[in-house]
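User: I am in my first year and would like a close look at a single part of this structure. Please take me through one sheet and the parts that go with it, slowly and in connected sentences.

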Amino acid sequence: MTLKTTVTYTLSRCVKCLRCIQSCPTSALSMQNNRIRIDQNLCLNCGQCIRTCQSKGLSAQGSTLADITNYDVTVCLVPSAFTTRCSSGFEARQMFYALKKLGFDEVVDLSPYEGRIHDEFVTAASTEIGTSITSFCPVINRLIQLQYPMLAEAQAALRYPSEAAARDLRQRMKGQGTVGIFLLCECEAKLALAKYPYGNSEYEVDHAMSSVDLMPVLRKHLSEGVDELTLCPQGLLTANPSQLEDDTDFLVVDGLERCGSVLSMLEFNQLPMYRGMELYACANGCIGGHLLWGNSYAARKNTSVLINDLRHKETAVLSSSALHVSEKAFFTSDTRTFQEKLAAFQKIQQILEQLPGFDCSACGVQTCRKMAEMIVEGKRTLNDCRVLAAENNPKEDSA
């Protein structure tokens, strides 16, 4: 499944510094005709480019509260990473009350769904042959699809918690008119797990909203009242991998670079001692999402406080169809035969030998290898390399 990129580019803010191109882990960005181009087939929605851009030429935004008026009944899904920004049970109850005051008919805590899916993975991984991989993170799932396709078979075929919750809620709300389900998102990647604003129509969630964009409006209602609220401890812990129970058979990894390193080792069967792996692209897990306010270290402490204050809810009861996708959704979309891939690789190597190998990004492409790939695809030519152009057309000696 290829998610549409959530990254948007504003030409008027761009200063052509090329920092975003150099920061991209999959070389999805390039500069052509003095503007940044984003390859939909390579973008992870990891947000690295957004955080690198100092001029705010790149951004990611979700739906707005104005979309509430399009539905008869509206539901707001609240992930545990959002809830852990609250420092006490009382503050969490205030937050859920304030969310309802924004116009939602129901505000649903996702922790029971997160906990149920996590438990399902642990149970399944304990009986599977080899190492199983799971992630609530679309960045990790996309990374495996693009760079570690041999590991696709090891991915647990589990739904995202927001999808499991949306399916469950739609079943419960049948006959109530048009139901609009809104997901609060802690990171750029999860903005794509909805029909709007990025058009991924296969998802049950209707709208994805940036948590940090909602906060200025939400703060106005924080002191107006409290809502009844209980939380599921297992779900809260999935947002904070540092506090997951230590199990020698399971490896929990956070941070995109570390996840890549572990996946490389797993691909070469260097980690056979683990039954399962839980991977998070953000440092400190989902509580480190870049669309959240505050800092993830405070949220780590808040998790323990919230569990003590509001520890009453069990994991959600879900059917097998609500838990599992019918087929592996993350298999690579590359349908080329081995011979076709080998022929392309040989062409790329031939072009690469002609390029200088400086990886200077002066041509608007991250690396010489990426440049060679684009030349083979017919998107660039050797003439686009500025180093080669300078060597072939040296400036005349003004003396």
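Analyst: A good place to begin is proline 197, which is found in the loop between strand 8 and strand 9. The model is a predicted one, and in it the peptide bond that leads from tyrosine 196 to proline 197 is cis, with omega near 10°.

The two strands on either side of this loop belong to the sheet. Strand 8, which covers residues 179–185, runs parallel to strand 9, and four bridges join the two. Within this pairing, leucine 183 stands opposite alanine 208, a residue of strand 9.

Stepping back to the whole sheet, we find that it is open and has four strands in the order 6-5-8-9, paired in parallel. Its edges are formed by strand 6 (106–109) and strand 9 (207–210), each of which pairs on one side only. The sheet is also twisted from strand to strand, in the sense that neighbouring strands are turned by 25° against each other on average, with direction ignored. As background, the strands of a sheet pair through backbone hydrogen bonds, and such pairing can be either parallel or antiparallel.

A helix accompanies these strands. Helix 4, made of residues 89–101, lies across strand 5 (73–78), strand 6 and strand 8, and its direction is at about 140° to that of strand 6.

It is also worth asking how confident the predictor is here. Among the elements of the protein chain, strand 5 has the highest mean pLDDT, 98, whereas helix 15 (residues 386–392) has the lowest, 87. For the protein chain as a whole the mean pLDDT is 90, and 95% of the residues reach 70 or more.

For comparison with the sheet, consider a pair of helices elsewhere in the chain. Helix 13 (residues 338–354) packs with helix 14 (residues 368–376) at an angle of about 120°, and their axes are 9 Å apart. Since angles of 65 to 115 degrees count as roughly perpendicular and those over 145 as roughly antiparallel, helix 13 and helix 14 are therefore oblique to each other. The crossing of helix 13 past helix 14 is right-handed. Residues that make this contact include Phe345, Ile348 and Leu352 of helix 13, together with Ala372, Ile375 and Val376 of helix 14. Taken together, the residues of the contact between helix 13 and helix 14 divide into eight nonpolar, one polar and three charged.

Conventions:
Residues numbered from 1 in each chain as written. Predicted model: local features only at pLDDT ≥ 70, side-chain atom pairs only at ≥ 80, totals over all residues. Heavy atoms only, no water. Pairing = 2+ DSSP bridges. Axes fitted to C-alpha atoms, helices over the stretch in contact; angles between N-to-C directions. Contact = heavy atoms within 4.5 Å. Parallel < 35°, antiparallel > 145°, perpendicular 65-115°, else oblique. Left-handed = near helix turned anticlockwise from the far one by under 90°. Nonpolar A, V, L, I, M, F, W, Y, C, P; charged D, E, K, R; others polar. pLDDT = per-residue confidence, 0-100.
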